[in-house]
Amino acid sequence: DAINAPRALMSSTDISAPLRQGAILSAGHPLVATKNFGVMLKAMAKASYSEAVDEAIRNAPFASVREEAGLYLADILNVAQRAGTAEEAYMISSERTFTARLLRKLPHVRLSERAYVTFLNKMRADVFDRVYGGWDATMRTPENARELARFINYATGRGPLPGAEAAAALNAAFFAPRLVTSRLLLPGYSAKLILSSPALRKEVARDVVAFVGTGLSVLQILKLVLGDDAVEDDPHSPDFGRVRLGPTRIDFWAGFQPLARYATQITTGRAKELPE
């Protein structure tokens with residue numbers, strides 16, 4: 001808890017989940033994301049509201065299907081939390097240590113954690129229920145449900161790590177190891193589903209295309225507003241997709257910018273020459 005405390009403090013006092021962990025699903029399901037943004041703000045303001053949302057999620061018609069499929073839902077009440085099962089940004093015990101008790105006395109940590117967990121849980125559950133509920137009986141197989149849950153987990157920054165105890169240890173050493181593994185695995189897993197899963201190919205392709213298309217549209221708008229020199233839209237440049245404001249670089253790709261840039265370099269076999 002003492003090692004993980006600085007990350008919890010750094011992750012607080014913001015509402016970054018919709019465009020960080022939730023970026024892929026927010027782009028692919030903008031109406032759901034907009035609705036859940038309001039849910040997140042209400043959960044931040046009132047603990048009883050977040051508890052009511054959590055209860056509704058866990059008692060919904062497809063709740064048992066989600067659980068069996070392995071869809072990740074964090075403990076919104078943060079009680080009896082097992083190592084490695086919390087959201088990475090707030091991987092601290094419930095009330096078992098002095099550090100945990102001290103952190104949760106800080107309003108900005110407590111409110112930020114509640115908003116963060118509520119939004120991601122609601123997005124994961126809503127997208128799973130919408131897709132699974134739209135399938136006919138022949139498509140509602142355990143394998144399809146597991147593939148859907150895995151895609152949603154990866155898309156929301158919940159990548160695999162070797163065991164709960166290892167997850168807790170890695171989380172202490174690195175800022176967000178599950179987020180990193182999800183960013184590494186999602187492109188390949190998405191391609192696999194698009195090529196081999198009739199139940200999921202349209203859903204996955206739509207989410208990925210919506211995310212990339214939204215990002216490129218934002219780049220073009222910023223280029224018109226800020227000028228050509230402030231925005232790099234050449235994928236061969238190390239600054240591809242970033243906004244340059246003096247010495248500051250703004251990256252809104254939620255962790256996928258390096259993968260897109262390197263994939264393009266490998267495909268074309270060249271990189272952009274930068275001035276010395």
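**Reading the helices, hairpin and ring pairs**

Mentor: From the N terminus on, the elements of the protein chain follow the order α-α-α-α-α-α-α-α-α-α-α-β-β-α, which amounts to 12 helices and two strands. The model is predicted, and for that reason local features need pLDDT of at least 70 and side-chain atom pairs count only at pLDDT 80 or more, whereas totals for chains, interfaces and linings use all residues. Residues are numbered from 1 along each chain as its sequence is written, and side-chain values use heavy atoms, with hydrogens and water left out.

Trainee: What makes a run of residues a helix or a strand here?

Mentor: Both are DSSP runs numbered from the N terminus, a helix being H or I over at least four residues and a strand being E over at least two.

Trainee: How do you know that the span of helix 8 agrees with what is expected?

Mentor: The expected span of a helix is 1.5 Å times one less than its number of residues. For the 14 residues of helix 8 (residues 142-155) this gives 20 Å, and because the end C-alpha atoms are 20 Å apart, the two values agree. In the case of helix 11, whose 26 residues should span 38 Å, the end C-alpha atoms lie 37 Å apart, which also agrees. Glycines with a positive phi come after both: Gly157, just after helix 8, has a phi of about 80 degrees, and Gly227, which follows helix 11, has one near 100 degrees.

Trainee: Why is helix 8 called mostly covered?

Mentor: A residue is buried when its relative accessible area is under 20%, exposed when it is over 50% and partly exposed in between, using a 1.4 Å probe and protein chains only. In helix 8, 10 of the 14 residues are buried, including Leu148, Phe151, Ile152 and Tyr154. Across the 276 residues of the protein chain, 46% count as buried.

Trainee: Why is the pair of Phe211 and Trp253 called edge-to-face or stacked?

Mentor: Rings of Phe, Tyr and Trp (its six-membered ring) pair if their centres lie within 6.5 Å, and planes under 30 degrees apart count as stacked, over 60 as edge-to-face and the rest as tilted. By this rule there are seven aromatic pairs. The ring centres of Phe211 and Trp253 are 5.9 Å apart and their planes stand at 85 degrees, so this pair is edge-to-face. Phe211 belongs to helix 11 (residues 201-226) and Trp253 to the loop between strand 2 (248-251) and helix 12 (257-268), so the pair ties together parts that are 42 residues apart in sequence. Phe211 counts as buried at 9% relative accessibility, and Trp253 counts as buried at 6%.

Trainee: What kind of pair do Phe240 and Trp253 form?

Mentor: The centres of these two rings, Phe240 and Trp253, lie 6.0 Å apart with planes at 25 degrees, so the pair is stacked. Phe240 sits in the loop between helix 11 and strand 1 (242-245), Trp253 in the loop between strand 2 and helix 12, and the pair links distant parts of the chain, 13 residues apart. Phe240 is buried, its relative accessible area being 8%. Elsewhere, Phe62, Phe128, Tyr132 and Trp135 form one aromatic cluster.

Trainee: How do you know that strand 1 and strand 2 form a hairpin?

Mentor: Two strands pair if DSSP finds at least two bridges between them, and here four bridges join strand 1 to strand 2, which run antiparallel. The hairpin has two residues between its strands, and Gly246 in the turn has a positive phi of about 65 degrees. Leu245 stands opposite Thr248 in strand 2.

Trainee: Why is Ser50 called buried or exposed, and what is Ser50 in contact with?

Mentor: Ser50, which lies in helix 4 (residues 47-58), has a relative accessible area of 2%, so it is buried. Contact means heavy atoms within 4.5 Å, and, leaving aside neighbours within four places in sequence, Ser50 is in contact with Ala43, Ile76, Arg114 and Thr118. Val131 in helix 7 (residues 107-134) counts as buried at 7% relative accessibility. With the neighbours within four places left aside, Val131 is in contact with Leu148, Leu200 and Glu203. The C-alpha atoms of Val131 and Leu200 are 8.7 Å apart in space, although the residues are 69 apart in sequence.
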